[in-house]
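Hi,

Here is the model I said I would pass on. Have a look at it first, and my notes on what turned up follow below.

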Amino acid sequence: MDGVSFDELERVLASARAPVAPAEAHGTLCGALCGRAAYGVEDWLREVLPDAAAPPGTAGRAALNAVFDATAQALGGQSMEFEPLLPDDESDLADRVEALAEWCSAFLYGLGAGSLPSLDEVPGEIGEVLRDFGEIGRAALGEGETLEANEAAYAELVEFVRAGTQLVYEELARHREQDLPADDGVH
């Protein structure tokens, strides 16, 4: 995803004294965008910057807007550009696994905060994907595995989350359309 890096989002959230980590903030955003039609940047900011947080400065606000816009465009685009916002590959693997777990848990939170039916009622493969996200939300670095094996497993999970998120977004398009307020004809 072009635009704001994980590290930059981390700095903005820390300077605003936000109670969420960057992976949580992005996961919440993605889940909410998948489940709700009328979800705007202000809705997201109320989630990640509650009353106790300091308002971000102009540069911080611009960075948060950029994350929101890039995420919404990537999810809604036809080119499958979406990527979960996670630490880069130079970061410690344990930190990346923890961030991925946080991202998945927050995605489920963001999705559940909308008007999504229960997991038993979601269309297609979405229920299975969401249950897998719940499992990934409890992920930890594999003990007794080689670094190469853990790196490969992490890369597979990130790809699954990327593709799964895109699938959830596409499969819930009809749900989001039904979630839109009715046009009363008065303008």
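Let me start with the aromatic rings: in this predicted model, the count of aromatic pairs comes to six. One of them is Trp-44 with Phe-68, a tilted pair with 6.5 Å from centre to centre and 40 degrees between the planes. Trp-44 belongs to helix H3 (residues 41-48) and Phe-68 to helix H4 (residues 58-76), so this pair ties together parts that are 24 residues apart in sequence. Both Trp-44 and Phe-68 are buried.

Another pair to look at is Phe-133 with Phe-160, which is edge-to-face, with the centres 6.1 Å apart and 75 degrees between the planes. This pair also links distant parts of the chain: Phe-133 is in helix H6 (residues 126-136), Phe-160 is in helix H7 (residues 147-171), and they are 27 residues apart. Are the two rings buried or exposed? Phe-133 has a relative accessible area of 0%, so it counts as buried. Phe-160 comes out at 30%, which makes it partly exposed. Phe-133 and Phe-160 are also members of one aromatic cluster, together with Phe-82, Trp-103 and Phe-107.

Two arginines sit over tyrosine rings as well. Arg-96 has its charged end over the ring of Tyr-154, 5.2 Å from the centre of that ring. For Arg-176, the ring is that of Tyr-169: the arginine lies over its face, at 3.7 Å from the ring centre.

Now for the overall fold. The protein chain has eight helices and zero strands, so to speak an α-α-α-α-α-α-α-α run from the N terminus on. Of its 187 residues, 42% count as buried. If you take the contacts between residues at least 6 apart in sequence, 77% of them join residues at least 24 apart.One helix packing I looked at is that of H2 (residues 22-35) against H4. Their axes are 11 Å apart, and the two helices pack at an angle of about 45 degrees. That angle is why H2 and H4 count as oblique to each other. The crossing of H2 past H4 is right-handed. Which residues meet there, in H2 and in H4? From H2 you will find His-26, Leu-29, Cys-30 and Leu-33, and from H4 they meet Val-67, Phe-68, Thr-71, Ala-72 and Leu-75. Phe-68 is thus a name you have already seen, as the partner of Trp-44 in the tilted pair.

Leu-29 comes up again with Asp-43, a residue of helix H3. Asp-43 and Leu-29 are 14 residues apart in sequence, and their C-alpha atoms are 9.3 Å apart in space. With a relative accessible area of 25%, Asp-43 is partly exposed.

Next, two polar residues in helix H7. Gln-166 has its place in that helix, and its relative accessible area is 1%, so it is buried. What does Gln-166 touch, leaving aside residues up to four places away in sequence? The list is Ala-74, Leu-75, Gly-77, Met-80 and Phe-82. Leu-75 is also among the H4 residues that meet H2, and Phe-82 is part of the aromatic cluster.

Asn-150 is found in H7 too. At 12% relative accessible area, Asn-150 is buried. With residues up to four places away in sequence again left out, Asn-150 touches Leu-93, Leu-141, Gly-142 and Glu-145.

Last, a bit of backbone. Most residues other than glycine have a negative phi. Here are two with a positive value:

- Arg-17 has a phi near 55 degrees. You will find Arg-17 in the loop between helix H1 (6-15) and H2, where it is exposed, with a relative accessible area of 58%.
- Met-80 also has a phi near 55 degrees. Its place is the loop between H4 and helix H5 (93-112), and at 38% relative accessibility Met-80 counts as partly exposed. Met-80 is one of the residues that Gln-166 touches.

Best wishes

Note on methods. Residues are numbered from 1 along each chain as its sequence is written. This is a predicted model: local features need pLDDT of at least 70, side-chain atom pairs count only at pLDDT 80 or more; totals for chains, interfaces and linings use all residues. Side-chain values use heavy atoms; hydrogens and water are left out. Rings of Phe, Tyr and Trp (its six-membered ring) pair if their centres lie within 6.5 Å; planes under 30 degrees apart count as stacked, over 60 as edge-to-face and the rest as tilted. Helices (H or I, at least four residues) and strands (E, at least two) are DSSP runs, numbered from the N terminus. Buried means under 20% relative accessible area, exposed over 50%, partly exposed in between (1.4 Å probe, protein chains only). A charge sits over a ring if NZ of Lys or CZ of Arg is within 6 Å of the ring centre and within 35 degrees of the ring normal. Axes are lines fitted to C-alpha atoms, for helices over the stretch in contact, and angles run from 0 to 180 degrees between N-to-C directions. Angles under 35 degrees count as roughly parallel, over 145 as roughly antiparallel, 65 to 115 as roughly perpendicular and the rest as oblique. A crossing is left-handed if the near helix is turned anticlockwise from the far one by less than a right angle, and right-handed if clockwise. Contact means heavy atoms within 4.5 Å.
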